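Hi,

Here is the model I said I would pass on. Have a look at it first, and my notes on what turned up are underneath.

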There are 2 protein chains.
Amino acid sequence: MEKRINISIIEDDYVIRNGIEVYFQTQELFNEIYSFESVESFFETVEKEKLIVDVVLTDIGLPGMSGIEGIKLIKEKLKITDIIMLTVFKDENRIFKSICAGATGYLLKGTPFPEITEAIKIIRLGGSYMSPAIARKVIEYFNPPKQKNESELSSRERQIIQALVDGLSYKMIGDRLSISIDTVRFHIKNIYLKLQVNSKTEVISKSLKGEI
Amino acid sequence: MEKRINISIIEDDYVIRNGIEVYFQTQELFNEIYSFESVESFFETVEKEKLIVDVVLTDIGLPGMSGIEGIKLIKEKLKITDIIMLTVFKDENRIFKSICAGATGYLLKGTPFPEITEAIKIIRLGGSYMSPAIARKVIEYFNPPKQKNESELSSRERQIIQALVDGLSYKMIGDRLSISIDTVRFHIKNIYLKLQVNSKTEVISKSLKGEI
DNA sequence: ATCAAACCCACATGTTGATGTAGTTACTTA
DNA sequence: TAAGTAACTACATCAACATGTGGGTTTGAT
């Protein structure tokens with residue numbers, strides 16, 4: 001790692017912020033270490049003093065703008081692409097919002113400082129790093145836990161699924177199968193129960209992915 | 001880590017297989033260490049000798065059945081849920097196929113043995129572990145880098161398509177991407193124009209058939 | 001006879017999807 | 001400067017969807 005980096009910490013908890021800052025000061029990896037207690041103050045100072053920041057390590061629960069909301073601004077206005085979340089939140093909503101907004105790392109609070117430093121190095125080298133529990137949730141997004149046994153689907157239900165996949169509306173399905181639109185709805189409701197989904201989109205997606 | 005584990009290596013390259021095996025023998029983490037050069041021989045022996053295997057570490061490019069194809073069988077027939085890929089392949093197709101098939105780890109060849117061991121521990125504790133370059137690709141699934149129009153679709157449009165394929169409603173898409181539902185509708189309308197389709201179903205179908 | 005499963009049907013209501021219209025901002029380019 | 005591009009937002013309208021409620025018939029098993 002030849003090039004030393006400028007890092008900015010955004011964390012409202014003083015003890016944590018100071019702890020990280022002090023530790024980072026012992027590391028040769030870092031050239032400049034900035035720290036702020038909110039996204040707003042980060043922006044104010046970075047823009048006023050024209051600071052060069054390579055990596056942002058940010059909390060999510062912050063006064064004012066959340067860390068997630070800050071990602072978009074940081075990327076657009078400052079062209080900083082290495083943004084790492086450091087947070088207590090491990091819910092899927094925040095994980096995926098952060099990642100979709102462009103975070104390249106997601107660490108849970110309590111991660112040892114050497115591991116945080118290692119994650120920053122990895123990200124600087126073009127990789128990504130997630131705390132293991134986060135990585136598991138991301139992976140499970142692609143392989144959700146097992147469903148109710150789809151073989152419980154009746155013959156009629158399978159016909160209806162195929163028609164959905166073919167792009168037919170309820171009305172057209174009724175025409176094709178010579179049943180009323182209400183009967184189509186009736187079957188679809190049962191399909192949703194059995195597959196534990198809530199929309200025809202999910203049925204279609206599952207079917208085309210071979211999960212049914 | 002109180003409980004020592006039984007691990008099985010499936011790797012056709014003798015040097016690599018033997019190297020890992022010898023190293024694992026120096027680790028207290030492992031109770032039994034099995035190794036095979038193919039999925040078929042793995043199955044034959046595990047079933048014949050009724051071996052208990054906790055974790056499978058498998059290559060992808062194997063003689064006969066590929067490691068990816070093996071995941072499904074290993075999960076269904078042997079109820080083994082901790083399957084880690086160790087492979088040279090870093091293409092998205094194989095990454096996502098492996099993960100969708102149920103792999104809970106994905107390591108690139110060349111990963112130092114101590115790191116492999118660490119990954120196994122993490123996975124055993126309920127987390128997941130990916131080599132950094134793999135983690136980056138997984139993250140980029142949710143936030144594709146901007147591309148100079150190889151296709152007509154913008155980066156945002158591609159994000160939205162991905163979300164449609166994942167079965168999200170407009171409202172949920174807006175929530176995830178932090179935009180309004182009307183903006184979602186706006187993008188979807190443009191997607192329909194560009195793809196010359198009239199419904200989500202057609203978009204999903206095209207996407208899953210690889211036509212987008 | 002009763003029950004469960006499968007299939008069928010109707011009505012009611014609120015939500016979501018599809019489409020059209022209008023507007024804004026920021027940036028780039030001719 | 002104007003035009004183009006990308007992303008964003010809102011409103012309006014109607015069709016389609018999702019869900020709840022109520023009812024029916026047939027078949028097979030108990």
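**Two residues in chain B**

The side chains of B:Ser35 and B:Glu21 are joined by a polar contact of 2.8 Å. Before you read too much into any single distance, remember that this is a predicted model.

B:Ser35 itself sits in strand E2 of chain B, which covers residues 30-36. Is B:Ser35 buried or exposed, or partly exposed? Its relative accessibility comes out at 24%, so B:Ser35 counts as partly exposed; the cut-off for buried is under 20%. If you skip the neighbours within four places in sequence, B:Ser35 is in contact with B:Ile9, B:Arg17 and B:Glu21. For a sense of distance, take B:Glu69, which is 34 residues away from B:Ser35 along the chain: the two C-alpha atoms are separated by 18 Å.

B:Thr58 is the other residue I looked at, and you'll find B:Thr58 in strand E3 (residues 55-58) of chain B. B:Thr58 counts as buried because its relative accessibility is 2%. Not counting residues up to four places away in sequence, B:Thr58 touches B:Ile10, B:Gly67, B:Ile83, B:Ile84, B:Met85 and B:Leu86.

**Helix H7 of chain B**

How many residues of H7 in chain B are buried? The helix runs over residues 155-165, and 9 of its 11 residues are buried, so it is mostly covered. The buried ones are B:Ser155, B:Glu157, B:Arg158, B:Gln159, B:Ile160, B:Ile161, B:Ala163, B:Leu164 and B:Val165.

What do those buried residues pack against? In chain A, the partners are helix H4 (92-101) and helix H10 (200-208). In chain B, they are helix H6 (132-142), helix H8 (170-177), helix H9 (181-195) and helix H10 (200-208). After H7(B) comes B:Gly167, which has a positive phi, near 90°.

**DNA strand D**

18 residues surround DNA strand D, and the closest are A:Tyr170, A:Tyr192, A:Lys200, B:Ser154 and B:Arg156. Two of these have side chains with an N or O atom beside a phosphate oxygen of the strand: the distance is 2.7 Å for B:Ser154 and 2.5 Å for B:Arg156. With B:Ser180 the backbone is involved instead, as one of its backbone N or O atoms lies 2.7 Å from a phosphate oxygen of DNA strand D.

Which part of the strand faces the protein? Of the atoms of DNA strand D within 4 Å of the protein, 60% are from sugar or phosphate, and the rest are from bases. On the protein side, H9 of chain A and H9 of chain B each supply at least two residues of the surface near the strand. H9(B) gives the largest share, with 4 residues. Sorted by class, that surface has 8 polar, 6 charged and 4 nonpolar residues.

**DNA strand C**

Around DNA strand C there are 16 residues, the closest being A:Ser154, A:Arg156, A:Ser180, B:Tyr170 and B:Tyr192. Sugar and phosphate make up 60% of the atoms of this strand that come within 4 Å of the protein.

Some individual distances may be handy at the bench. A polar side-chain atom of B:Tyr192 is 2.7 Å from a phosphate oxygen of DNA strand C, and one of A:Thr183 is 2.9 Å from a phosphate oxygen of that strand. A:Asp182 has a base as its partner: an N or O atom in its side chain is 3.2 Å from a base nitrogen of DNA strand C.

H9 of chain A and H9 of chain B each supply at least two residues of the surface near DNA strand C, and the largest share, 4 residues, is from H9(A). That surface divides into 7 polar, 5 charged and 4 nonpolar residues.

**The second largest pocket**

The second largest pocket has a volume of about 720 Å³. Of its 27 lining residues, the closest to the centre are A:Lys75, A:Cys100, A:Ala101, A:Gly102 and B:Asn143. Which helices line it? H3 (67-78) and H4 of chain A, along with H6, H7 and H8 of chain B, each supply at least two residues. H3(A) has the largest share of the lining, 5 residues. By class, the lining holds 10 nonpolar, 10 charged and 7 polar residues.

Cheers

Note on methods
Residues are numbered from 1 along each chain as its sequence is written. Chains are lettered from A and ligands numbered from 1 in the order in which they are written. This is a predicted model: local features need pLDDT of at least 70, side-chain atom pairs count only at pLDDT 80 or more; totals for chains, interfaces and linings use all residues. Side-chain values use heavy atoms; hydrogens and water are left out. Buried means under 20% relative accessible area, exposed over 50%, partly exposed in between (1.4 Å probe, protein chains only). Contact means heavy atoms within 4.5 Å. A residue is near a molecule or strand if one of its heavy atoms lies within 4 Å of it. A polar contact is a pair of N or O atoms within 3.5 Å; within protein, one must be able to donate a hydrogen and the other to accept it, and residues adjacent in sequence count only if both atoms are side-chain atoms. Ala, Val, Leu, Ile, Met, Phe, Trp, Tyr, Cys and Pro count as nonpolar, Asp, Glu, Lys and Arg as charged, and the others, Gly among them, as polar. On a 1 Å grid over the protein atoms alone, a cavity is a set of points where a 1.4 Å probe fits but cannot get out, and a pocket is an open set with protein on both sides within 12 Å along at least five of seven lines; lining residues have an atom within 4 Å of a point. Grid points are joined across faces, edges and corners, and a volume is the space filled by probe spheres set on the points.
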